[in-house]
Amino acid sequence: MQTPTKLSTTEELAEWNDEMVKRHHKDGTLFESKNPLLRYLETQRLKKIIRFAKLKPKNQVLDLGCGEGHLISLMPNDVSIVGIDISKYALNRAKETLKDKKNVELKFANAYQTNLPSNYFDKIICSEVIEHVPEPRKIIREVHRLVKDNGLVVVSVPDEKRIQTIMNVINFLKINKFLHAARDQKEYDWHLQFSNKKFLKEIINGFFKIKKLRRVPSLIGYRFVAALEKINEKNY
């Protein structure tokens with residue numbers, strides 16, 4: 001299937017994302033990796049995201065791009081959660097992951113235009129999503145519409161340059177099979193954007209300002225987690 005473009009329809013984006021999930025998660029996500037270190041690091045990233053979100057009882061929470069539901073599975077039961085994704089295949093996995101959580105509603109939706117109510121959510125989390133889309137600012141615009149004026153948005157993105165450096169070291173040392181960590185492709189075909197801190201700052205410009213930004217995990221730091229504050233003046 002062709003790589004999606006700015007002109008791709010919701011149906012085309014959904015089909016492509018289903019294909020990517022089946023290809024890259026055929027043996028499970030990183031949370032189900034054979035490598036206990038990877039499982040630990042990924043879980044710590046999700047816990048960091050939840051700490052950044054400062055969830056409070058009765059908060060209305062949106063997990064935009066919820067995937068297989070691993071982030072939602074770690075959220076408390078005293079908040080109301082909506083999880084959306086454009087991959088029906090991932091959503092079916094999420095339903096199984098979250099079958100015992102009663103405070104979750106899962107929806108198929110295009111993050112560009114979710115058809116959810118404006119200024120509704122206290123907290124929105126968008127983890128490892130915006131690097132996978134042709135038009136990331138359209139997602140940021142939609143997040144800006146959905147979050148309350150005094151709400152909080154938490155975004156995480158990979159640092160592609162650092163990840164590639166780490167992968168080069170792993171491949172040079174020939175420990176990729178041991179770590180179950182190496183990418184098969186020279187370029188990761190699920191990533192449509194080369195993300196880093198500059199990329200994040202550019203796509204949120206005019207919509208949000210950064211309240212807090214950290215690298216995760218602490219020592220290796222191959223991802224960024226950012227807490228964002230809404231800019232209410234629509235200067236875009």
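**Figure 1. Tyrosine 120 and its aromatic partner.** Tyrosine 120 has a relative accessible area of 34% and is therefore partly exposed, a class lying between buried (under 20%) and exposed (over 50%), evaluated with a 1.4 Å probe on protein chains only. The model is predicted: local features require pLDDT of at least 70 and side-chain atom pairs pLDDT 80 or more, whereas totals for chains, interfaces and linings use all residues. Residues are numbered from 1 along each chain as its sequence is written, and side-chain values use heavy atoms, with hydrogens and water left out. The structure contains one aromatic pair. Its members are tyrosine 120 and phenylalanine 121, whose ring centres are 4.9 Å apart and whose planes stand at 90°, so the arrangement is edge-to-face. Pairing of Phe, Tyr and Trp rings (the six-membered ring of Trp) requires centres within 6.5 Å; planes under 30 degrees apart are stacked, over 60 edge-to-face, and the rest tilted. Phenylalanine 121 is buried, at 1% relative accessibility.

**Figure 2. The seven-stranded sheet.** The sheet is open, with strand order 3-2-1-4-5-7-6 and mixed pairing. Strand 3 (104–108) and strand 6 (208–216) form the edges, each pairing on one side only. The twist averages 15° from one strand to the next. Strands (E, at least two residues) and helices (H or I, at least four) are DSSP runs numbered from the N terminus; two strands pair if DSSP finds at least two bridges between them. Strand 2 (residues 80–85) pairs with strand 3 in the parallel sense over five bridges, and valine 82 has glutamate 105 of strand 3 as its bridge partner.

**Figure 3. Helix 8 against the sheet.** Helix 8 (residues 197–204) packs on the sheet and touches strand 5 (147–158), strand 6 and strand 7 (223–230). Contact denotes heavy atoms within 4.5 Å. The direction of helix 8 makes about 160° with that of strand 6; axes are lines fitted to C-alpha atoms, for helices over the stretch in contact, and angles run from 0 to 180 degrees between N-to-C directions.

**Figure 4. Backbone exceptions in loops.** Most residues other than glycine have a negative phi, and most peptide bonds are trans. Asparagine 115, in the loop between strand 3 and strand 4 (121–127), has a positive phi of about 65° and is exposed at 67% relative accessibility. Glutamate 128, between strand 4 and helix 5 (136–146), has phi near 55° but is buried at 14%. A cis peptide bond, with omega about -10°, joins valine 216 and proline 217.
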